[in-house]
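Hi,

Here is the structure I promised to send you. Have a look at it first, and then read on for what turned up in it.

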Amino acid sequence: MFKRILIISWLLSSISLFAQYQEAEELFDDASCMSCHTEVDFSPKIGKVDNFKKLTQVVDACRFSNDITWFDDESLDVAKYLNHLYYKFKEKK
Ligand code: HEC
């Protein structure tokens, strides 16, 4: 498992964005996020999740409240993945 993470992090840093989203998709699927959510949940809402920073915060909130063992950069990757698929915010570095 740990070895797999190492290999994946190496891959992530060296190959395309596509692979990054693919890995985030796996993380997302493995964490059963969709046991509570449907795609409809993931859309910008005025006053709530209306920018990329807030998106990363709610992903973290859900990660912690469900005891999901992602590293911070994995959580960020999942936020980017959801942003790419649904929210379409401008990402801030
Ligand atoms: C036990 C149920 C549950 C699980 C599992 C869960 N969430 Fe959530 N999630 C919630 C609830 C409740 C909210 C708050 C909804 C609200 O306030 O509108 C929320 C909100 C969110 C939002 C903000 C939605 C929006 O635009 O308002 C995102 C993004 C999100 N969760 C991502 C995730 C991710 C990623 C995972 C998997 C790591 C996950 N959630 C797992 C219950 C869950």
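Let's start with the polar contacts to the ligand: Asp41 has a backbone N or O atom that lies 3.3 Å from one of the ligand's oxygen atoms. Keep in mind as you read that this is a predicted model. Two side chains also take part. In Lys48, an N or O atom of the side chain is 2.6 Å from an oxygen atom of the ligand. Tyr87 has a polar side-chain atom that lies 2.6 Å from a ligand oxygen atom.

Tyr87 is worth finding in the viewer for another reason too. Around the ligand there are 18 residues, and Tyr87 is among those that come nearest, together with Cys33, Cys36, His37 and Cys62. If you sort this shell by class, you get 11 nonpolar, 4 polar and 3 charged residues. Which helix gives the most to the shell? That is helix H3, residues 52–65, with 3 residues.

Next, the pockets. Where does the ligand sit? You will find the ligand in the largest pocket. This pocket holds about 410 Å³ of space. Its lining is made up of 24 residues, and the closest to the pocket's centre are His37, Phe42, Val58, Val59 and Cys62. So you can meet two familiar names again, here is a reminder: His37 and Cys62 are also among the residues that come nearest to the ligand.

H3 comes back here as well, giving the largest share of the lining of the largest pocket, 5 residues. Both H3 and helix H4 (72–87) supply at least two residues of that lining. By class, the lining of the largest pocket has 15 nonpolar, 5 polar and 4 charged residues.

There is also a second largest pocket, with a volume of about 340 Å³. It is lined by 18 residues, of which Met1, Ile5, Leu27, Trp70 and Glu74 are the closest to its centre. Helix H1 (2–14), helix H2 (17–30) and H4 are the elements that give two or more residues to this lining. Which of them gives the most? The answer is H1, with 5 residues. The classes in the lining of the second largest pocket are 9 nonpolar, 2 polar and 7 charged.

When you open the model, you could begin with Asp41, Lys48 and Tyr87 and then go on to the two pockets.

Happy exploring!

Key
Residues are numbered from 1 along each chain as its sequence is written. This is a predicted model: local features need pLDDT of at least 70, side-chain atom pairs count only at pLDDT 80 or more; totals for chains, interfaces and linings use all residues. Side-chain values use heavy atoms; hydrogens and water are left out. A residue is near a molecule or strand if one of its heavy atoms lies within 4 Å of it. A polar contact is a pair of N or O atoms within 3.5 Å; within protein, one must be able to donate a hydrogen and the other to accept it, and residues adjacent in sequence count only if both atoms are side-chain atoms. On a 1 Å grid over the protein atoms alone, a cavity is a set of points where a 1.4 Å probe fits but cannot get out, and a pocket is an open set with protein on both sides within 12 Å along at least five of seven lines; lining residues have an atom within 4 Å of a point. A molecule sits in a cavity or pocket if more than half of its atoms lie within 2 Å of its grid points. Helices (H or I, at least four residues) and strands (E, at least two) are DSSP runs, numbered from the N terminus. Ala, Val, Leu, Ile, Met, Phe, Trp, Tyr, Cys and Pro count as nonpolar, Asp, Glu, Lys and Arg as charged, and the others, Gly among them, as polar. Grid points are joined across faces, edges and corners, and a volume is the space filled by probe spheres set on the points.
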